Amino acid sequence: MLRVGLIGLGGIGRHHLMRYRQAPEAQVVAVADVRAGDLRADADLAALLEAPAEDVRWFDDYQDLVTSGAVDAVDICLPTYLHRPAAVAALEAGLHTLVEKPMALTLEDCDAMLAAAEAAGRVLMVAHCIRFWPEYQYLADLVRSGDAGRLLSLQMSRQGQRPSGASAGWMGQASRSGGAIYDLHIHDIDYCQYLLGLPQRLYAQGGMSLGAEAGYDYVLGNLDYGDDRQVSATAHWVSVGLPFAARFEARLEGAFLRFDSSQHPALTVYRAEGDPEHPALPGPDAYVNEIRYFAQRALDGRAPERCRARSTRNSVALVIGEMASLDRGGLVDVAEWTV
Ligand SMILES: NC(=O)c1ccc[n+]([C@@H]2O[C@H](COP(=O)([O-])OP(=O)(O)OC[C@H]3O[C@@H](n4cnc5c(N)ncnc54)[C@H](O)[C@@H]3O)[C@@H](O)[C@H]2O)c1
């Protein structure tokens, strides 16, 4: 059993906490959050903890959690600008580390996290949930099997509400969240890299309609693999009443797949013969899948091949490349940032 300390119990931290109940390999036995006092008094939250309440340790300061000796691993769900300091502190304390996406805001920060994991000999994994999302995994399995021929075209998109008003906080500041290009768009850029490897070049278009402080809030990135495949991803933070949705359309030689998270069923597969299919995708959701995968790898002390930290570092590099393309106004060679 992996004893886990959850650091940051806000929006996604709460989602993670719920999923540990479906992860027999791991249990949350400690929580660190600057709001620990209030959170501890929240009965709804206490009910989500699997360990007996008297056995769960609470900390205001994550530094105290990582040196407490109470945990074998941490799950960092802090605002993005805190990923590096918290992950490096945990790794230096000898703890396996799961950290939310994006890995960090700069390549210098990502590389410091990679170096800390290497020095500690501990598992570092970035929680890119789309790599564990059943519909996206269905597409990955189909492409890798070759059963429907080559992938010719992949168009990905996602839209969410812009951070607004008093609740915008750190998320509305590009200096702390990176803006929509880091927070939203990176999901799809990372998936393209997971599925197809690094592109050779990229070209991005977009802008900062919400002002420079919020960063790039709309972006379209075209990834050039040096062959005939069309690969693109677009993302928006919108101010109109549009519910969150993630979508993709993938054309293979022998099939066409359409995914729309706002529809049920969400995935439709079209083939030359027969009616369109809605494949049954039983099993836990992506967050359970990623937490269980991390816990199994940490317990075994094996590298998380499905979501290597170096690869997720390269997803930050691709976003930085897109911003360079936006600034320069043309195609950029990704080798300038990737390793
Ligand atoms: N994978 C996904 O689908 C997904 C979804 C949402 C957010 N995220 C990522 O998760 C991270 C957190 O996002 P969120 O929306 O949950 O943020 P949030 O603001 O809702 O939660 C952050 C939590 O961290 C706590 N915190 C802030 N500073 C702290 C500090 N110094 N020490 C201890 N606790 C501190 C806050 O009190 C809060 O509870 C971001 O990197 C974001 O990009 C991922």
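A polar contact is a pair of N or O atoms within 3.5 Å. Thr80 meets that limit with the ligand: one of its polar side-chain atoms lies 2.8 Å from a ligand oxygen atom. The model described here is predicted.

The ligand has further polar partners. Tyr287 places a polar side-chain atom 3.1 Å from an oxygen atom of the ligand. Ile12 takes part through its backbone instead, with an N or O atom 2.8 Å from a ligand oxygen. In total, 23 residues surround the ligand. The closest are Ile12, Asp33, Arg35, Thr80 and Asp183.

The chain is divided into two domains. Domain 1 covers residues 2-127. Domain 2 is made of two segments, 131-287 and 315-336. The contact between them draws 15 residues from domain 1 and 16 residues from domain 2. Their C-alpha centres lie 27 Å apart. Among the ligand's surroundings, Ile12 falls within the range of domain 1, and Asp183 within that of domain 2.

The two domains bury about 1300 Å² between them. Carbon and sulfur atoms account for 68% of this area. On the domain 1 side, Arg19, Lys101 and Leu105 stand out. Together they supply 38% of the area that domain 1 buries against domain 2, more than any other three residues.

Polar and charged pairs also link the domains. There are 2 salt bridges between domain 1 and domain 2. The side chains of Arg19 and Asp285 meet in a salt bridge, with an N to O distance of 2.6 Å. The count of residue pairs in polar contact across the two domains is 4, with both residues at pLDDT 80 or more.

Two helices give two or more residues each to the side of domain 1 that touches domain 2: H1 (11-20) and H6 (107-120). H1 gives the most, with 3 residues. By class, this side of domain 1 holds 10 nonpolar, 3 polar and 2 charged residues.

Two cis peptide bonds deserve mention. One joins Lys101 and Pro102, with omega at about -15 degrees. Pro102 sits in the loop between strand S5 (96-100) and H6. Lys101 is also one of the three residues named above for their share of the area buried by domain 1. Another cis peptide bond joins His264 and Pro265, with omega at about -5 degrees. Pro265 is found in the loop between strands S12 (255-260) and S13 (267-271).

Technical notes
Residues numbered from 1 in each chain as written. Predicted model: local features only at pLDDT ≥ 70, side-chain atom pairs only at ≥ 80, totals over all residues. Heavy atoms only, no water. Domains from an automatic or database assignment. Contact = heavy atoms within 4.5 Å. Buried area = accessible area lost by both parts, 1.4 Å probe. Salt bridge = Lys/Arg side-chain N within 4 Å of Asp/Glu carboxyl O. Polar contact = N/O pair within 3.5 Å; in protein donor to acceptor, adjacent residues only side chain to side chain. Helix = DSSP H or I, 4+ residues; strand = E, 2+ residues; numbered from the N terminus. Nonpolar A, V, L, I, M, F, W, Y, C, P; charged D, E, K, R; others polar. Near = heavy atom within 4 Å.
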